Amino acid sequence: MGKLVILKLAEGSFESGFAVTLQISDENARPTVEITGNLPPNPDILRLYYRWQSIYLNLRLPSRPIGLPKQINQAPSLEECQQLAREFKVNFNTWLTCDSFRPIREKWLQQLTPGDNIRVLIQTKDLGLQKLPWHLWELLERYPQAEVALSAPSYEQVKRMATTCEKIKILAILGDSQGIDTQADRAILEKLPNADITFVVEPEPKDLTDQLWSQHWQILFFAGHSATQVTDETGKIYINQFASLTISELKYALRKAVERGLQLAIFNSCDGLGLAREFADLHIPQIIVMREPVPDQVAQEFLKYFLQAFSRGDSLYLSVREARERLQGLENQYPCATWLPVICQNPAEVPLTWSELCINSRKNSTYLPEITHTKTIKNRLPLSLMLLTSMAITGLLMGVRYLGVLQPLELKAFDQMLQLRPPEIPDPRLLIVTVTEADVQAQQSENLRGSLSDKSLAQLLEKLEPYQPAAIGLDIYRDYGVGKDYPKLAQRMQKSDRLVAVCRVSNPQTDTSGVAPPPEVSVDRLGFSDILLDADNVVRRHYLALTPPPSSSCNASYALSVQLALRYLYTKGIKLQFTQEGAWQLGKLKFKPLEAHTGGYQGIDSRGHQILLNYRSSPSPKEIASQITLRQVLEGKLNAPAVKDKIVLIGTTAESFRDYSLTPYTFQGKLQTIPGVILQAQMVSQLLSAALDERTLLWSWSIWGEVIWVWGWSVIGGLLAWYWRRPSYLVLAVGVGFVVLYSSASVLLISLGCWVPLVPAALALAGTSALSHKF
């Protein structure tokens, strides 16, 4: 099955840039992949193209335009045109490899293989973007079975009349032939197999209109002179030496032709983008035009190569690509000939092959669905009963969900949707100093207790503090005092207002012992390191605060991540406040704590203040911030800008200490693990980004909002079964429903941070459709 790739370029300009959305789907199917990016401002791209265009227009080639201004100055050389074309290609591809466009490029390479048959649609209404030769994109050159086309942002599918025919009906208009040889085009058309061709030569406007109304045409062909008007970007064809017509002047006849089955229009004439822009309003499936003035020989060779490939059964897109690439043999005489042909596509239509253009017996089969419809309507479940069924299934599913039966499935679905988010840059406000296995081994002679000796810690703090970090988080347990050989370290730990140490709160219910804090650090500079593990040992929640039991040796009420974030935010004028309901508030940001039944969580231990952990999206959660090893710091490889006004986290990544946690992210089918210090960095980054960057926190609807959502999908399942009585159609419709549901849930999570019930809604959709169809 072929692939459809749509590159949507939103309104913008070459001065301000363009927002871009990439959609990838199978042919005739809904998109399964969507990702956004940006093309940055680059007015030089358009200026280069217009420079090339100016030189190209002044080459004085024997082409098919009328009314194009000719310069009086000396004509440029072919070499100048080719050199500027090469310069444009380099700049064009540089623009398409920029960082803000990289997510789209990487998603393309991930989803598509060189063997795929791919249609690529550039969807934009900007004439400058439409003029660009997108086939020069080096990414497209990696895919030998891909071809690019233009499409308008607004489109629709026209309901066509059913027709029967034995041959393909072609209306060929041979317009004004002054200075060109349109008879060569006629000779090429006359060689087509299984074609019924009507030629009209230099017709009057009324004669042309009558021909368009007279029969059910499937292909419209024009050869002659044409041009795009600079003033209003519309196209005009010259049907004889004395008359010209715009598409709007043929609107009613062409609209009727489209309704009667017109599938393809070929304008083998000059400067046809204006024609294509007007044709878009008529919703014709496909048009082939020339984007610039076309030399007569190039037009004839393209037509010959295209029709040869198309009539032997190749797809329209691959036929255009083959014909376009074969024009390269003429480029030593007609530079950039391969730039000229371009397809303009109605995205609502799937291109037909030559054999599919004429389908026998369609008229007879048109009425069969109506007969089947009449026979089966008596067996349909009444709508009232269907609604009751959907309510019963929704109630049953929500009850089962409340008991926690669906929680494992919901968490897996949640993990999968998290990984669909576009990548984010590392947090520039953090620096992580890692104590590696090599660092641990290098300290063996220093009376080492744990992963960081007194000597190494003293040296590390002496390196860091002069650079004035906003805060230093020591994510290494030190339930013992500083040795007597390091009095300056003890004094620094007692008096430093930047240093925050860590301890672990004991939990009598799980019989988990705590870990005492460093005796030199006061309680107001302590943060607990306790984390919340789900049943599958994955960390999806973020502990903010708790009340330590009286027997705990660690009396920290706030998490290490909170202590560090609050110190940083204080320098930005943001303090922790509490609403009247007792909820946390940082600036404009309000925290809604998790309850026992929140989102996919059912019956969890919600004591303390906890929220969902919104990992910073990247290929690996380890790439949260800049990192440097202990050895590199001690060797003087750290500079002031890397530390000043930042949060520095110190922790071990040595595997021998087993301070690793599972994350929702997978690699090669396995859950990824990250060191504890990286996990703390993820939590700190979540708080800073939410308070300062307005990055959304993860949240979920109230129970009634979730009930309405699930019931809505249950009703959709019932309606599908009510409408589609044939099982094969129903299975296909429900499959489409699953895609829409998954896409909707993913978009809500990615764009708004809202975790909606995916698994219960999918079960409701399938269950109601199956039960309603049975009755």
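This passage describes the overall make-up of a predicted model of a protein chain and then some of its local features.

The protein chain has 775 residues, of which 54% are buried. Its secondary structure amounts to 24 helices and 29 strands. Along the principal axes, the C-alpha atoms occupy a box of roughly 105 × 80 × 45 Å. Among contacts with a sequence separation of 6 or more, 76% join residues that are 24 or more positions apart. The exposed area of the chain is about 35,000 Å², and carbon and sulfur atoms contribute 53% of this area. The chain carries 77 positive and 75 negative charges, and the mean positions of the two sets lie 4 Å apart.

Strand β16 covers residues 471-474. In a regular strand, side chains alternate between the two faces of the sheet. In β16, A471 and G473 point one way, while I472 and L474 point the other way. All four of these residues are buried. Strand β16 pairs with two strands that are described here. With β27 (residues 647-652), the pairing is parallel and comprises four bridges. With β17 (residues 499-503), the pairing is also parallel and comprises three bridges. Residue I472 takes part on both sides: its bridge partner in β27 is V648, and in β17 it stands opposite L499.

A separate arrangement is the open sheet of three strands in the order β20-β21-β22, with antiparallel pairing. Strands β20 (576-578) and β22 (589-590) are the edge strands, each pairing on one side only. Strand β21 (residues 584-586) is joined to β22 by two bridges, and these two strands run antiparallel. In this pairing, L586 has L589 of β22 as its bridge partner.

Helix α15 consists of 12 residues (residues 407-418). At 1.5 Å a residue, the helix should span 16 Å, and its end C-alpha atoms are 16 Å apart, so the expected span and the model agree. The buried residues of α15 are Q407, E410, L411, A413, F414, D415, M417 and L418. Their cover includes helices α14 (383-402), α23 (727-752) and α24 (759-774). Strands β24 (601-602) and β28 (660-667) are also among the elements that cover these residues.

Two further buried residues, Q682 and N614, were examined through their contacts. Residue Q682 lies in helix α21, which spans residues 676-692. Its relative accessibility is 1%, and Q682 is therefore counted as buried, the cut-off being under 20%. Apart from neighbours within four places in sequence, Q682 is in contact with L613, Y615, R616, P621 and I624.

Residue N614 is located in the loop between β25 (609-612) and β26 (626-629). With a relative accessibility of 3%, N614 likewise counts as buried because this value falls under the cut-off of 20%. When neighbours within four places in sequence are left aside, the contacts of N614 are R421, Q686, R695, T696 and L698.

Key: Residues are numbered from 1 along each chain as its sequence is written. This is a predicted model: local features need pLDDT of at least 70, side-chain atom pairs count only at pLDDT 80 or more; totals for chains, interfaces and linings use all residues. Side-chain values use heavy atoms; hydrogens and water are left out. The expected span of a helix is 1.5 Å times one less than its number of residues. Buried means under 20% relative accessible area, exposed over 50%, partly exposed in between (1.4 Å probe, protein chains only). Contact means heavy atoms within 4.5 Å. Two strands pair if DSSP finds at least two bridges between them. Accessible areas come from the Shrake-Rupley method with a 1.4 Å probe; for residues, only the protein chains shown count as cover. Lys and Arg count as positive and Asp and Glu as negative; His and the chain ends are not counted. The place of a charge is taken as NZ of Lys, CZ of Arg, CG of Asp or CD of Glu.
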